[in-house]
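The following exercises concern pockets and backbone geometry. Please work through each task with the sequence and the model at hand before reading its solution.

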Amino acid sequence: MKINLTHPNPALISIIENPKQMITLDANFLIPPDRSRITKRSIGFEQFKKIWLDPIFSAFPNLAIHESVYDELVGISAQKYVDVKRNSKPPEIIVHKDSSLTEIERILRDTIESKIASLTKYDPMIDNKDDRGEVKSLSFIAVKGLLYFAAHDNNAIQLIEKSEEWSTGLDNVQAIKMYELIYYLCKNNLGSKTAMKMLYKYQYYLTNHEKSINPSWGDFSSNMDSLYELNDTTLNF
C-alpha cells in the first residue's frame, strides 16, 4: 500500500482532537498481518496484541466492528480477544448488527451495498466471503451516519476516498489508515516506538517496490510531523 503524505487527513485530526469518537474497524486491524511469503519474519497474535491491539484499545474507548467482520474472526485468537473486550464493563468494543436497521435504513443499505459490491469481489446475491466484511461495514456505517472506518485495505480506502468519482454513496464516511494510527500511538507514547517502527516497516517498507514508493521510518515520522505541526498545540503532541 502506498502511503499518502500530500496533505493532512481531516479524519485523523478529528480523532486526535477527540479520541472518544466511534471508529469502526476492518478485520485487518484485528488480525496479525502475515507476509511470510516475503520475509521469514512473522508476527504472532500475542506479539500483535502487545504492540498493536492493546495500545489501540487503550487509546480509543469507542471502537466497533460490523457483525460480518466478527464472523471473519471466528475460530482464531482475535475472536477471543474481541469477546473479552465486548463483555467487559463497560464494553470496549461493540458489534454493529444489521438487525438494528429500520426498514428504511435497510433499503438505503441495500442501495449502497449494491454500489459498493460492484467495485469489489463481493456478490450480495450469493453472499460470498470475499470483501464481505468491508462492504457490509461501509454500507452500515454510511446509513447510520457514522464517520470513521479504519482499514489496512487499499480497495476499502479507495471506496471511501473516491466516493464521488465512483458514486459509492460513501460521501460522508472518512478513512483512517493503519500508518496514521501508528503515528498517533508514537506521538502520544501509547505504544513502544521500537514496536511501532517494526510494524511500520513490516506493513509498508518491506519489498523493494515498497521502498521505492514509501518513505523510510525516519522520513515518514518527520513528514507526518510537518503535516500536523500546525496542530501540535491543540492536539497535545
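The exercises below refer to this predicted model.

**Exercise 1. The largest pocket**

Task: State the volume of the largest pocket, name its lining residues and divide them by character.

Solution:
- Step 1. The largest pocket holds about 270 Å³ of space.
- Step 2. Its lining is made up of Asp26, Ala27, Asn28, Ile31, Glu72, Lys129, Asp131, Gly133, Glu134, His152 and Asp153.
- Step 3. To sort these residues, Gly is counted as polar. The lining of the largest pocket then comprises six charged, three polar and two nonpolar residues.

**Exercise 2. The second largest pocket**

Task: Determine which residues line the second largest pocket and which element gives the most to that lining.

Solution:
- Step 1. The volume of the second largest pocket is about 200 Å³.
- Step 2. Residues that line this pocket are Asn4, His7, Asn9, Pro10, Ile160, Glu161, Gln174, Ala175, Lys177 and Glu180.
- Step 3. Two or more lining residues come from each of helix H7 (154–161) and strand E5 (174–177).
- Step 4. Strand E5 gives the most, with three residues.
- Step 5. By character, the lining of the second largest pocket divides into four polar, three nonpolar and three charged residues.

**Exercise 3. A cis peptide bond**

Task: Identify the residues that a cis peptide bond joins, and locate Pro90 in the chain.

Solution:
- Step 1. The cis bond joins Lys89 and Pro90, with omega at about 0°.
- Step 2. Pro90 belongs to the loop between helix H4 (77–87) and strand E3 (93–96).

**Exercise 4. Positive phi at Asp127 and Asp131**

Task: Give the phi value of Asp127 and that of Asp131. Then decide whether Asp127 is buried, partly exposed or exposed, and do likewise for Asp131.

Solution:
- Step 1. Asp127 is not a glycine, yet its phi is positive, near 50°. Asp131, also a residue other than glycine, has a positive phi of about 60°.
- Step 2. Asp127 is found in the loop between helix H5 (103–117) and helix H6 (132–144). Asp131 likewise lies in the loop between H5 and H6.
- Step 3. The cut-offs needed are under 20% relative accessible area for buried and over 50% for exposed, with partly exposed in between.
- Step 4. Asp127 has a relative accessibility of 35% and therefore counts as partly exposed. Asp131 has a relative accessible area of 23%, so this residue is partly exposed.
- Step 5. Asp131 also appears in the solution to Exercise 1, as one of the residues that line the largest pocket.

Conventions
Residues are numbered from 1 along each chain as its sequence is written. This is a predicted model: local features need pLDDT of at least 70, side-chain atom pairs count only at pLDDT 80 or more; totals for chains, interfaces and linings use all residues. Side-chain values use heavy atoms; hydrogens and water are left out. On a 1 Å grid over the protein atoms alone, a cavity is a set of points where a 1.4 Å probe fits but cannot get out, and a pocket is an open set with protein on both sides within 12 Å along at least five of seven lines; lining residues have an atom within 4 Å of a point. Grid points are joined across faces, edges and corners, and a volume is the space filled by probe spheres set on the points. Helices (H or I, at least four residues) and strands (E, at least two) are DSSP runs, numbered from the N terminus. Buried means under 20% relative accessible area, exposed over 50%, partly exposed in between (1.4 Å probe, protein chains only).
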